[in-house]
Amino acid sequence: MHHMAPAPAAFKSTGPLSGRVRVPGDKSISHRSLMLSALAVGESSVEGLLEGEDVLATAAAMRAMGADIARGADGRWTIHGVGVGGLLQPSSALDMGNSGTSTRLLMGLVASHPITVNFTGDASLSKRPMNRVIEPLSQMGAEFTASPGGRLPLMLRGICPAVPIDYRLPVASAQVKSAILLAGLNTPGLTRVIEPIPTRDHSERMLKGFGADLSVELEADGARIIAIRGEAELKPQHIVVPGDPSSAAFPVVAALLVPGSDVVIENVGLNPTRAGLFEVLRLMGGQIDYLDEREVGGEPVADLRVRGSTLKGIEVSPDIVPSMVDEFPILFVAAALAEGRTVTRGLEELRVKESDRIAVMATGLRAIGARVEETEDGLIIDGTGGETLPGGATIAAHLDHRIAMSFAVAGLVSRAPVTIDDMAPVQTSFPVFTDLMRTLGAEAA
């Protein structure tokens with residue numbers, strides 16, 4: 001689970017990228033499909049599950065609390081659930097590795113069960129604050145003993161029955177919203193989350209799909225009120241996980257930036273709360289066509305055809321940030337090669353991800369010759385107008401998978417190779433990244 005020796009790699013410029021590929025399953029949907037299947041009564045099955053370390057941490061945790069989870073030789077996972085309220089006391093601490101999503105969502109699940117769970121994680125996860133989840137779950141009656149600053153390792157004593165609450169999210173966070181809704185599953189009465197700015201809605205879609213009594217209302221000011229009636233009975237499901245748009249982001253930007261490229265990425269989830277990056281890249285002039293648009297398991301899906309394009313710098317509206325918060329590192333790379341200036345604001349959230357993504361991207365982009373100005377809540381980037389970057393630097397990825405993959409793509413449009421100090425963290429979300437990029441014609445050593 002924890003990273004061993006660093007795995008450096010160098011990426012260098014190549015001819016046009018071409019081919020058809022599939023990215024791994026969506027991470028958000030993979031986590032939730034395991035958790036909800038584990039709370040259903042009966043056998044659920046999941047196809048296309050992302051088999052990265054983060055999702056495997058969720059599988060291990062649900063097993064430790066009584067669910068029977070197995071992977072078939074054909075890659076299909078079967079889950080025999082324990083029923084809502086049926087989670088068992090795990091015999092040892094739950095090791096979350098690097099997964100913030102697993103940690104925050106599982107804290108919600110555990111909060112309304114009468115069990116005590118210790119959560120631990122790797123060095124990177126142990127730096128990330130959990131207070132934003134601790135606060136509402138404490139109001140519901142759960143008790144926490146956390147490390148200083150509300151960090152891991154922490155101990156959670158769940159309570160049953162928990163107290164239903166009405167909670168207005170102070171910051172846009174799908175993880176906090178989901179944690180409260182998952183706690184609400186086993187809480188008598190109505191638990192409500194008021195979300196001033198909409199965030200990814202996979203939890204709502206999937207909870208409804210499993211048969212939870214959940215409603216979403218829109219207030220006049222655009223806020224969403226999500227209500228869940230507790231003591232739910234979830235029915236087992238068959239889930240097909242669409243390709244992760246956050247993973248597709250990397251080959252998409254690579255194909256846009258490398259002249260003459262023509263790439264199809266199949267089966268990509270296009271949930272509007274997640275696909276902001278593709279809309280921004282289209283606004284910048286990127287040729288991204290959605291082929292065979294369809295719906296799979298309540299989620300919109302399409303094949304993306306991406307061709308080499310001349311991008312123009314734009315001002316990115318802060319309103320779109322929640323739908324692409326994880327994609328800004330790769331957007332910064334695209335901006336570095338666009339014509340003119342790209343301005344991003346409202347990205348404070350990026351400073352508390354796996355790394356401070358604003359500072360780390362600014363430092364790395366400057367090291368390979370991009371013109372970048374760092375502000376408190378974003379970056380201002382003056383692009384090269386399609387000229388390749390000088391490159392030639394070794395980038396410190398700070399154990400952050402998205403930083404590592406962003407600079408791998410930057411290496412494909414730099415005159416000298418770009419070396420990433422450690423590609424090992426990419427195992428958390430996109431284990432086949434380097435192989436997939438090679439399939440399209442990229443060179444990595």
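**Notebook: strands, hairpins and overall form**

I began at Thr-145 and found that its bridge partner in β9 is Met-155. I am reading a predicted model, so I keep my notes to what was computed from it.

Entry on β9. I looked up which strands flank this one. Strand β8 (residues 143-147) pairs with β9 in the antiparallel sense, over 5 bridges. Strand β7 (residues 116-120) is also joined to β9 (residues 151-157), by 4 bridges, and these two run antiparallel. In this second pairing I noted Asn-118, which stands opposite Met-155 in β9. Met-155 therefore appears twice in my notes, as the partner of Thr-145 and opposite Asn-118.Entry on the β8-β9 turn. I checked what lies between the two strands. The hairpin has 3 residues there, and Gly-149 takes a positive phi near 80°.

Entry on β5. I asked myself which strands pair with β5. Strand β3 (residues 43-47) does, antiparallel, over 4 bridges. Strand β4 (residues 68-71) does as well, through 4 bridges and again antiparallel. For the β3 side I wrote down Ser-45, whose bridge partner in β5 is Thr-78. For the β4 side I wrote down Ile-69, which stands opposite Ile-79 in β5.

Entry on the β4-β5 turn. This hairpin has 5 residues between its strands, and Gly-75 takes a positive phi near 85°.

Entry on the faces of β5. In a regular strand the side chains alternate between the two faces of the sheet. I looked for this along residues 77-80 and found it. Trp-77 and Ile-79 point to one face and are buried. Thr-78 and His-80 point to the other face and are not buried.

Entry on the whole chain. I counted elements next: the protein chain has 12 helices and 26 strands. Along its principal axes the C-alpha trace spans about 60 × 50 × 45 Å. I then compared the radius of gyration with the globule rule: a compact globule of 445 residues would have a value near 22 Å, and the 21 Å of the protein chain agrees with that.

Entry on burial and contacts. Of the 445 residues, 58% count as buried. I also looked up contacts between residues at least 6 apart in sequence, and 76% of these join residues at least 24 apart.

Entry on surface and charge. The protein chain exposes about 15700 Å², with carbon and sulfur atoms supplying 52% of it. I noted 39 positive and 52 negative side chains, and the centres of the two sets lie 2 Å apart.

Notes:
Residues are numbered from 1 along each chain as its sequence is written. This is a predicted model: local features need pLDDT of at least 70, side-chain atom pairs count only at pLDDT 80 or more; totals for chains, interfaces and linings use all residues. Side-chain values use heavy atoms; hydrogens and water are left out. Buried means under 20% relative accessible area, exposed over 50%, partly exposed in between (1.4 Å probe, protein chains only). Two strands pair if DSSP finds at least two bridges between them. The radius of gyration is taken over C-alpha atoms; the globule rule is 2.2 Å times the number of residues to the power 0.38. Contact means heavy atoms within 4.5 Å. Accessible areas come from the Shrake-Rupley method with a 1.4 Å probe; for residues, only the protein chains shown count as cover. Lys and Arg count as positive and Asp and Glu as negative; His and the chain ends are not counted. The place of a charge is taken as NZ of Lys, CZ of Arg, CG of Asp or CD of Glu.
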